[in-house]
Amino acid sequence: MTMPDHHAADHSNLEGEPPDDTAWTVERIRALGPWTDIATVAEIFGLSRATAYELAKHGQFPIAVLRFGSRYRVPVAAILAALHLPVGDEHPPPSAT
């Protein structure tokens with residue numbers, strides 16, 4: 001019996017393959033609008049939904065979280081800033097070579 005190799009390389013993004021439409025790009029994050037929910041931010045940062053809500057509940061989420069009753073909202077600008085991505089339409093300065 002052959003066991004599946006769970007450590008095999010993922011070749012889904014090799015040249016010639018279509019890009020992963022579920023990857024969080026700067027454009028996709030900006031398209032969220034001015035704010036988003038905790039579950040979406042958890043996905044962007046690679047956190048479980050439960051962990052994200054727990055951190056927000058205890059005021060320990062790594063970026064600004066706004067609370068409206070039982071709902072949490074996170075400014076998209078804060079997500080971009082935390083990821084060191086340009087917040088506005090400006091482009092990052094070219095890196096020195």
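Let us start with the pair formed by helix α2, residues 38-45, and helix α3, residues 49-57, whose axes come within 9 Å and cross at roughly 115°. Please bear in mind that this is a predicted model. In the crossing, α2 passes α3 in the right-handed sense. Which residues make up this contact? On the α2 side they are Ile-38, Ala-39 and Ala-42, and these meet Arg-49, Ala-52, Tyr-53 and Ala-56 of α3. Sorted by class, the contact comprises 6 nonpolar residues and 1 charged residue, with no polar ones.

I shall stay with α2 for a moment. Its buried residues are Ile-38, Thr-40, Val-41, Ala-42 and Ile-44. What do these buried residues pack against? Their partners are α1 (26-30), β1, α3, β3 and α4 (76-82). Ile-38 and Ala-42 thus appear both among the buried residues of α2 and in the contact with α3. Just after the helix comes Gly-46, where phi is positive, at about 75°.

One residue of this helix merits a separate word, namely Thr-40, which lies in α2. Is Thr-40 buried or exposed? Thr-40 counts as buried because its relative accessible area is 17%, and the cut-off for a buried residue is under 20%. The side chain of Thr-40 makes a polar contact of 2.7 Å with the side chain of Asp-37. Setting aside neighbours within four places in sequence, Thr-40 is in contact with Trp-24 and Leu-32.

I turn now to the sheet. It is open, has 3 strands in the order β1-β3-β2, and its pairing is antiparallel. The edge strands, each paired on one side only, are β1 (35-36) and β2 (66-68). Between β2 and β3, the latter being residues 71-75, the antiparallel pairing runs over 3 bridges. Within this part of the sheet, Leu-66 stands opposite Arg-73 of β3. Strand β3 also links back to the earlier topic, as one of the elements against which the buried residues of α2 pack.

Finally, the chain as a whole. The protein chain contains 4 helices and 3 strands, and along the sequence these follow the pattern α-β-α-α-β-β-α. How much of the chain is buried? Of its 97 residues, 20% are buried. As for contacts between residues at least 6 apart in sequence, 43% of them join residues at least 24 apart.

Key. Residues numbered from 1 in each chain as written. Predicted model: local features only at pLDDT ≥ 70, side-chain atom pairs only at ≥ 80, totals over all residues. Heavy atoms only, no water. Axes fitted to C-alpha atoms, helices over the stretch in contact; angles between N-to-C directions. Helix = DSSP H or I, 4+ residues; strand = E, 2+ residues; numbered from the N terminus. Left-handed = near helix turned anticlockwise from the far one by under 90°. Contact = heavy atoms within 4.5 Å. Nonpolar A, V, L, I, M, F, W, Y, C, P; charged D, E, K, R; others polar. Pairing = 2+ DSSP bridges. Buried < 20%, exposed > 50% of the residue type's maximum accessible area, 1.4 Å probe, protein only. Polar contact = N/O pair within 3.5 Å; in protein donor to acceptor, adjacent residues only side chain to side chain.
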